[in-house]
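Could you walk me through this fold, going from the loops to the helices and what sits between them? Please keep it to what can be read off the model.

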Amino acid sequence: MTLTDFARRVTDSDTCTVTGSGAAGPDAAPGATGQAPAPVVGADAAVSRAVGREADGLAVASFVLGLVGLLVFNVLLGPTAIVMALLALARRTRRRGRALLGLALGVADLVVLAVLVTGNGAVAWNFGG
C-alpha cells in the first residue's frame, strides 16, 4: 500500500460509529453522535501548515521591524510592520500577541516620526545640542 492509497482509504472510509452505552441518542449534543471528523490529509494539510508557518513568520517579522523601527528608519519600517501585522492577523496566526505588538510598535514608529518632524524639523534622532 502506498501513501496515496492510504490517504484515499482514510478519506473514503465510512465514519466511525460508537456502540454500547457510549452511543449518542437523538437528543445528544452536536458532535456527540459518535462520528469521527474527517481528517485533513494530503495536500490540504500541507497547505494549511504552510499558511500557518507563513502567518507566524509575518507576526514575528512585524514585531522585529516595529522594534528596530523605533531607533532607525521609522519612516520605512513602521508602515512595513503595520502591514505585516495586519496580514498575519488576517491569516489567523497562532502568534496573535506578537502580531498585535508588531502593530502597536509600527504605530509607535509613526508617532516617533511625527514627534521628530515637529520637534526637530528632521527625520532623525538628535542627541547633540
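Arg92 sits in the loop between H3 and H4. In this predicted model, Arg92 has a positive phi of about 55°, although it is not a glycine. Most residues other than glycine have a negative phi. Arg92 is also exposed, because its relative accessible area is 74% and anything over 50% counts that way.

A second residue of this kind turns up in the loop between H2 and H3, where Phe73 is placed. Phe73 is not a glycine either, yet its phi is positive, at about 50°. With a relative accessible area of 62%, Phe73 is exposed. The loop between H2 and H3 also holds Val72, which counts as partly exposed at 41% relative accessibility. Val72 and Asp109 are 37 residues apart along the chain, and their C-alpha atoms are separated by 9.3 Å.

Now step back to the overall layout. The protein has 4 helices and 0 strands, so reading from the N terminus the elements simply go α-α-α-α. Of the 129 residues in the protein, 20% are buried. Take the contacts between residues at least 6 apart in sequence: 59% of them join residues at least 24 apart.

How do H3 and H4 pack? Their axes are 8 Å apart and make an angle of about 155°, with H3 spanning residues 74-90 and H4 spanning residues 96-120. That angle makes H3 roughly antiparallel to H4, because over 145 degrees is the cut-off for that label. The crossing of H3 past H4 is left-handed.

Look at who meets whom across this pair. From H3 the contact includes Leu77, Ala81, Ile82, Ala85 and Leu89, and from H4 it includes Leu100, Leu103, Val107, Leu110 and Leu113. Sorted by class, the contact of H3 with H4 has 17 nonpolar, 4 polar and 2 charged residues. Among the H4 residues that take part are Arg96 and Asp109.

Ile82 is a good residue to zoom in on. This residue lies in helix H3 and is buried, because its relative accessible area of 17% is under 20%. Leaving out residues up to four places away in sequence, Ile82 touches Leu103, Gly106, Val107 and Leu110. There is also Ser62 to consider: Ile82 and Ser62 are 20 residues apart along the chain, and their C-alpha atoms are separated by 6.9 Å.

Next, which residues make up the largest nonpolar core? There are 5 of them: Leu58, Ala59, Ala88, Leu89 and Ala99. Helix H2 (43-69) and H3 each supply at least two residues of this core. In soluble globular proteins, nonpolar side chains tend to be buried together. Ala88 shows how the core links up: neighbours within four places in sequence aside, Ala88 is in contact with Ala55, Leu58, Ala59, Thr93 and Ala99.

Finally, is Asp56 buried or exposed? Asp56 is found in helix H2, and it counts as buried at 8% relative accessibility. Its contacts, again leaving aside neighbours within four places in sequence, are Thr93, Arg94 and Arg95. Thr93 is a residue to click on here, since the contacts of Ala88 include Thr93 and those of Asp56 do too.

Definitions and conventions. Residues are numbered from 1 along each chain as its sequence is written. This is a predicted model: local features need pLDDT of at least 70, side-chain atom pairs count only at pLDDT 80 or more; totals for chains, interfaces and linings use all residues. Side-chain values use heavy atoms; hydrogens and water are left out. Axes are lines fitted to C-alpha atoms, for helices over the stretch in contact, and angles run from 0 to 180 degrees between N-to-C directions. Angles under 35 degrees count as roughly parallel, over 145 as roughly antiparallel, 65 to 115 as roughly perpendicular and the rest as oblique. A crossing is left-handed if the near helix is turned anticlockwise from the far one by less than a right angle, and right-handed if clockwise. Contact means heavy atoms within 4.5 Å. Ala, Val, Leu, Ile, Met, Phe, Trp, Tyr, Cys and Pro count as nonpolar, Asp, Glu, Lys and Arg as charged, and the others, Gly among them, as polar. Buried means under 20% relative accessible area, exposed over 50%, partly exposed in between (1.4 Å probe, protein chains only). A nonpolar core is a set of buried Ala, Val, Leu, Ile, Met, Phe, Trp, Tyr and Cys residues joined through side-chain atoms within 4.5 Å.
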